[in-house]
Amino acid sequence: MGENDRMRSYILVALGGAIGASMRWGVGESIGRSPGEFPYATLLVNVAGCVLIGLAARTMVRGSQRWTFAVTGLLGGLTTYSTFTAETRDLLDTGHAGLALVYVGLSIVAGLAATEIARGDWTRR
């Protein structure tokens, strides 16, 4: 990869990341959440991100400029494992261990299912 291609990739990731992070912030602001409440916004953006990554895996070439912008940048900024873990810890700290377990399980199962369905792999087995 040449220097110009590398710089173009940095710009694509930065631009996509800024858009994705802004989208995640907007969803969080519109749904809202108080400590101890179920983190619907993070679950929504993470599952939506899984659907979109599944569609990208079916329609884009990994490593292409489209992939770099859309998956690495935009979806990397939209989805968030760090917020997922912080919100799980918050649920545990506020005495909602059962809700934390539901959140973790639902996030993993829904995320995997969304990606597989969007990729279309489940129909080929």
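**Exercise 1. Compare the span of helix α2 with its expected span, then find what covers its buried residues.**

Step 1. Helix α2 takes in residues 40-59, 20 residues in all, and its first and last C-alpha atoms lie 28 Å apart, close to the 28 Å expected at 1.5 Å a residue. The expected span is 1.5 Å times one less than the number of residues. Helices here are DSSP runs of H or I with at least four residues, strands are runs of E with at least two, and both are numbered from the N terminus.

Before going on, a word on the model: it is predicted, so local features need pLDDT of at least 70 and side-chain atom pairs count only at pLDDT 80 or more, while totals for chains, interfaces and linings use all residues. Residues are numbered from 1 along each chain as its sequence is written, and side-chain values use heavy atoms, with hydrogens and water left out.

Step 2. The buried residues of α2 are A41, T42, L43, V45, N46, G49, G54 and A56. Buried means under 20% relative accessible area, exposed means over 50%, and partly exposed lies in between (1.4 Å probe, protein chains only).

Step 3. Their cover includes α1, α3 (65-78), α4 (81-93) and α5 (97-119).

**Exercise 2. Take N46 and work out its surroundings.**

Step 1. N46 sits in helix α2. Its relative accessibility is 15%, so N46 counts as buried.

Step 2. Which residues does N46 contact, leaving aside neighbours within four places in sequence? They are T79, T80 and F84, where contact means heavy atoms within 4.5 Å.

**Exercise 3. Describe the aromatic pairs and the cluster they build.**

Step 1. Rings of Phe, Tyr and Trp (its six-membered ring) pair if their centres lie within 6.5 Å; planes under 30 degrees apart are stacked, over 60 edge-to-face, and the rest tilted. This rule gives four aromatic pairs.

Step 2. The ring centres of F38 and Y40 are 4.7 Å apart with planes at 55 degrees, so this pair is tilted. F38 is buried, at 11% relative accessible area, whereas Y40 is exposed, at 54%.

Step 3. The rings of F84 and Y103 are also a tilted pair, with centres 5.2 Å apart and planes at 55 degrees. This pair links distant parts of the chain, since F84 belongs to helix α4 and Y103 to helix α5, 19 residues apart. F84 is buried at 10% relative accessibility, and Y103 is buried at 0%.

Step 4. Ring pairs join F38, Y40, Y81, F84 and Y103 into a cluster.

**Exercise 4. Locate a nonpolar surface patch.**

Step 1. M7, Y10 and I11 form such a patch, with about 330 Å² of accessible area together. Patch residues have over 30% relative accessible area and no salt bridge; like charges are joined within 9 Å, nonpolar side chains (Val, Leu, Ile, Met, Phe, Trp, Tyr) within 5 Å. A salt bridge is a side-chain nitrogen of Lys or Arg within 4 Å of a carboxyl oxygen of Asp or Glu.

Step 2. M7 lies in helix α1 (residues 3-31) and is partly exposed, at 43% relative accessible area.

**Exercise 5. Summarise the whole protein.**

Step 1. How many helices and strands does the protein have? Five helices and zero strands.

Step 2. Of its 125 residues, 33% count as buried.

Step 3. Along its principal axes, the C-alpha trace spans about 55 × 35 × 25 Å.

Conventions. Areas by Shrake-Rupley, 256 points an atom, 1.4 Å probe, with all protein chains shown as cover.
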